[in-house]
Amino acid sequence: MTMRIALVGLGIRGTLFYNALKTRSDVKLIAGCDISPARLEAFAREAGDIPLTGDIDELLAMRPDAVLVTTPDFAHREAVEKAAAAGAHIMVEKPLATSLADAQAMERAVRQAGVSCMVAFENRWNPPFVAAKNAIDEGRLGDIVAINARLNDTIWVPTSMLSWAARSSPGWFLLSHLADMVWWLSGRSAQSVYAAGSRGKLQALGIDTWDGLQSVISCRDGLTATLTSSWILPESMATVFDCKMEIIGRDGAFYIDLTAPMATCLHKRAEGVSTLFADVHGRLQGAPVSMVHDFVDCLLAGRPVPVPLSDAVSNVALIEALHRSAESGSVVGVE
Ligand SMILES: NC(=O)c1ccc[n+]([C@@H]2O[C@H](COP(=O)([O-])OP(=O)(O)OC[C@H]3O[C@@H](n4cnc5c(N)ncnc54)[C@H](O)[C@@H]3O)[C@@H](O)[C@H]2O)c1
């Protein structure tokens, strides 16, 4: 069987998934959609020899089996609802939405349509986190009592990489990954959150959002997570992101340190090289690539997609509560 897949949002992630799937003989990439005419032109030139449109209805009229939604954080809802109504399975980028109301509406649309919908929490395919999950599931750490983690970006991300950072935040863009890891690794849902944050650096540059957010999250059965994300780090950082996590159990601990690049290129100056994904002899490899292949493999085999949609809705509920806490200065319960 050949799976006919369409892409909505042809920026960085849409292009990555296009390149990841284009070598598969059981996938036909049938069309792409983007609201930016300049982006459509650039995609046609640099990446894809597929029909392109600025109109999602035109794309869905081609009856794709599945749609990959890689629009900005705040712009997932319309594409997910329309794809579901058209009977297409969906992979949508994280965070599912930037409001719980949107996330719940999307969940309803998916349930009513009876399609599969997977949210792209790619760290579930990232080897250091998978190793942590295995150690926990094998009981080597015992009862998990604390998870402390940070995931930061350089200021290049909100100022140059993303044109829409003002409509997102380090909470939605970065900390949602850490919150997903807390849930996936421990199986303990969040009950309440206290958060604080800082603003000013990006505002001075005309980007009205948080510079950074710090949070203490109380989860069920005595687990506390302290999670923090900032996206104003200097561009002199070794790579565009850094991440550290310590998972503390009653019988052991697990440390993940992604702050030092796995590869450094020394030319005029030392530059860290991202190895999150790479072209290996003509085929892309890495966590996001394994993720999109798994999504397709599950659909082809008739298996459930590996990230339940309810996980992503709970993730939105937590991150929304975290922002409310940072704004109010109070502890906020998580729905
Ligand atoms: N899983 C990860 O680790 C990871 C990493 C980076 C980004 N992301 C997520 O992926 C999503 C996309 O990020 P990106 O870096 O590719 O952004 P991007 O800005 O490079 O691409 C988004 C594209 O969507 C287009 N677009 C906007 N609204 C649209 C609409 N209504 N219909 C069709 N196209 C529309 C824009 O013109 C743009 O080309 C975001 O939600 C982001 O948080 C996830």
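This report describes the domains, sheets, backbone features and largest pocket of one predicted model.

Residues are numbered from 1 along each chain as its sequence is written. Because the model is predicted, local features need pLDDT of at least 70 and side-chain atom pairs count only at pLDDT 80 or more, whereas totals for chains, interfaces and linings use all residues, and side-chain values use heavy atoms, with hydrogens and water left out.

**Domains**

The chain is divided into domain 1 (3-120) and domain 2 (124-282 + 314-333), with bounds that come from an automatic or database domain assignment. The C-alpha centres of domain 1 and domain 2 lie 25 Å apart, and the contact between them, where contact means heavy atoms within 4.5 Å, takes 15 residues from domain 1 and 14 residues from domain 2.

**Sheets and the helices on them**

Helices (H or I, at least four residues) and strands (E, at least two) are DSSP runs numbered from the N terminus, and two strands pair if DSSP finds at least two bridges between them. One open sheet has six strands in the order β3-β2-β1-β4-β5-β6, with parallel pairing; its edge strands, β3 (52-53) and β6 (117-120), each pair on one side only. Another open sheet has seven strands in the order β12-β11-β7-β10-β9-β8-β17, with mixed pairing. Here β12 (253-257) and β17 (332-333) stand at the edges with a single partner strand each, so one side of each is left without a neighbour in the sheet.

The table gives three strand pairs with their bridges and one facing pair of residues from each.

| Strands | Direction | Bridges | Facing residues |
|---|---|---|---|
| β4 (66-69) and β5 (89-93) | parallel | four bridges | A66 and H89 |
| β13 (263-266) and β14 (270-273) | antiparallel | four bridges | T264 and G272 |
| β11 and β12 | antiparallel | five bridges | I247 and F254 |

The β13 and β14 strands are joined by a hairpin through three residues.

Axes are lines fitted to C-alpha atoms, for helices over the stretch in contact, and angles run from 0 to 180 degrees between N-to-C directions. On the six-stranded sheet, α4 touches β1 (3-8), β4 and β5, and its direction makes about 170 degrees with that of β5. Helix α6 (residues 127-137) lies across β7, β11 and β12 and runs at about 175 degrees to β12, while helix α11 (residues 309-328) lies across β8 (190-198), β9 (212-219) and β17 at about 50 degrees to β8.

**Backbone features**

K94 and P95 are joined by a cis peptide bond with omega of about -20 degrees, and P95 is placed in the loop between β5 and α5 (100-113). In the loop between α3 (56-60) and β4, R63 has a positive phi of about 55 degrees although it is not a glycine.

**The largest pocket**

A pocket is an open set of points on a 1 Å grid over the protein atoms alone, where a 1.4 Å probe fits and protein lies on both sides within 12 Å along at least five of seven lines; lining residues have an atom within 4 Å of a point. Grid points are joined across faces, edges and corners, and a volume is the space filled by probe spheres set on the points. The largest pocket holds about 1,400 Å³ of space, and of the 49 residues that line it, the closest to its centre are I12, R13, M161, L162 and F173. Its lining draws at least three residues from each of domain 1 and domain 2, and among the elements that each supply at least two lining residues are α1 (12-21), α7 (156-161) and α8 (170-186). By class, the lining has 27 nonpolar, 13 polar and nine charged residues, where Ala, Val, Leu, Ile, Met, Phe, Trp, Tyr, Cys and Pro count as nonpolar, Asp, Glu, Lys and Arg as charged, and the others, Gly among them, as polar.
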